[in-house]
Amino acid sequence: MSRSAPLLFHYRSPFPVPVEELFGWHERPAALERLNTPWAPFTVVQSSRSIQNGSTVSLKIPVLGPVKVPLRVVHEGYQRGVQFQDRQVAGPFRSWLHTHRFSSTTSHFTAPTPTSSPSSVLDDIISYTLPSFLPSIGPVISAAESELLRTFWYRHQILARDIEHPLPVRPMTVGITGSSGLVGSSLTPFLSMRGHRLISIVRALRPAPQGQFLQALWDPSTGELDTLSLEGIDALVHLAGESIAQIPWTKDRKERIRSSRVAGTTRLVETIRRMKNPPSTVIMASAIGLYGANRSDIVNEESDRGDGFLADVVEEWEAAASGFSAMGIRVVFLRFGVILSARGGLLSTVLLPFKGGVGGPIGDGEQWMNWISIEDAVRLIDAALTDPSYSGAYNAVSPLSVTNREFTKMLSSLLHRPSICRVPASLLRATLGEAANELMLATTKVVSSRLQDRGFVFLDDTIESCLRLQLGCPPASAREHLIRDAQ
């Protein structure tokens with residue numbers, strides 16, 4: 001094959017919405033961030049927040065592990081409701097032209113569509129030539145197509161979920177602490193795409209995420225908060241807190257974990273109390289650590305607290321937030337289990353050893369893992385924000401908990417790697433102390449009774465669906481969306 005001959009990739013999916021709605025989703029300012037793949041995320045350096053002709057986007061894209069290279073594209077070929085294009089003007093490819101083409105199902109299919117609602121089709125068509133340092137040989141071309149398939153299967157999955165999720169009747173103004181953390185960095189583009197106005201509450205002013213959000217200064221150690229910027233906000237999402245994953249738990253680290261949650265929340269309450277127009281809703285990130293690490297009974301929101309450092313912290317944390325309720329503010333505690341995202345947390349930590357073939361179960365592998373996907377986590381926060389019937393504590397965990405062994409087996413299967421290197425519990429206890437017992441070896445089974453009673457739908461209701469999306473492991477059926485005669 002000639003090194004200058006362009007390669008073609010064409011991926012097509014139908015969507016149960018009118019073409020105008022499908023196209024309009026792509027015109028929202030945070031669409032690019034919403035489509036960012038979790039297993040190989042790019043960094044947005046600059047964006048004009050538009051897809052119209054002449055607008056540009058500068059990215060840093062991963063090419064080999066953590067190594068990222070610059071890519072700059074310009075938008076062209078804009079036809080509202082029909083198409084827009086991204087052309088590389090600087091970057092690693094010798095050429096790159098991505099055409100986003102929108103049409104009705106009748107343009108492609110003669111048979112009646114299975115739904116009576118207006119339906120549309122998205123064609124992602126890419127014409128590209130590989131970087132000069134890569135040979136245009138079969139294995140390289142196959143690897144490039146495989147990576148594109150992973151990426152666009154993921155993007156169409158996210159797009160389908162978003163457009164089938166009704167927009168709120170009244171967008172809100174929402175202040176968010178911890179907006180740069182694991183949950184916050186996924187929550188901000190999600191809420192922005194749904195029309196909410198966001199204010200990131202930060203410790204130091206910095207370039208806002210791609211220049212998109214307003215900011216308000218907050219010093220958790222003193223309680224000093226820029227309340228002027230927050231006057232009149234509808235809701236506050238409080239996600240800030242020292243990571244419990246930094247182990248071992250030294251005396252100093254435990255104090256930072258406790259203080260960042262308890263003292264930080266107490267000072268936030270005191271500051272909000274002084275506002276003329278405080279928010280009417282507060283969503284608090286809490287944790288199932290409240291129930292303790294080793295219980296034989298199945299626990300729900302009505303269960304008693306357990307024992308241990310995390311149980312103490314969570315109890316004090318939620319108690320500190322009672323000041324919000326005393327002001328007449330609706331407070332929702334989301335007691336998260338393990339939040340699974342390839343961008344950070346547990347899943348990101350274990351990926352490297354599993355990819356290297358040295359992953360395996362922890363201890364005997366029979367301990368329960370109460371998990372929730374990052375996608376369901378942000379959808380749950382959005383639901384609690386916009387639905388005033390949410391109040392009090394909810395266990396934010398999937399209805400289908402798995403054991404550590406089941407998680408290990410699924411992860412190794414999707415990565416096509418063995419999982420035979422068991423980590424002895426005695427070794428963990430000897431090196432990590434109580435953190436081992438309360439994190440890695442915790443075996444309390446938690447159920448989300450209140451969420452299930454109210455009918456909250458988990459889109460990632462199985463560990464397989466969650467891991468497939470986060471790791472970019474499309475099922476065999478994804479190949480049915482490939483079109484081999486791209487024009």
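## A short tour, starting at methionine 440

Select methionine 440 to begin: with a relative accessible area of 22%, this residue is partly exposed (buried is under 20%, exposed over 50%, partly exposed in between, using a 1.4 Å probe and protein chains only). You are looking at a predicted model, in which local features need pLDDT of at least 70, side-chain atom pairs count only at pLDDT 80 or more, and totals for chains, interfaces and linings use all residues. Residues are numbered from 1 along each chain as its sequence is written, and side-chain values use heavy atoms, leaving out hydrogens and water.

Methionine 440 lies in helix α13, residues 434–440 (helices are DSSP runs of H or I, at least four residues, and strands are runs of E, at least two, numbered from the N terminus). Now show what surrounds it. Beyond the neighbours within four places in sequence, methionine 440 is in contact with Ile247, Ile362, Gln367, Leu428, Leu432 and Ala435, where contact means heavy atoms within 4.5 Å.

Next, select glycine 81. Its C-alpha is 50 Å from that of methionine 440, and the two are 359 residues apart in sequence.

Then go to valine 67, in strand β4 (residues 67–79). Valine 67 is partly exposed, at 44% relative accessibility.

Last, pick the cysteines. How many disulfides are there by this rule? The count is zero, a disulfide being a pair of cysteine sulfur atoms within 2.5 Å. For cysteine 421, the nearest cysteine sulfur belongs to cysteine 473, 20 Å away. Cysteine 421 is partly exposed at 32% relative accessibility, while cysteine 466 is buried at 1%. Why is cysteine 466 without a bond? Because its closest cysteine sulfur, in cysteine 473, is 11 Å away, too far for a bond.
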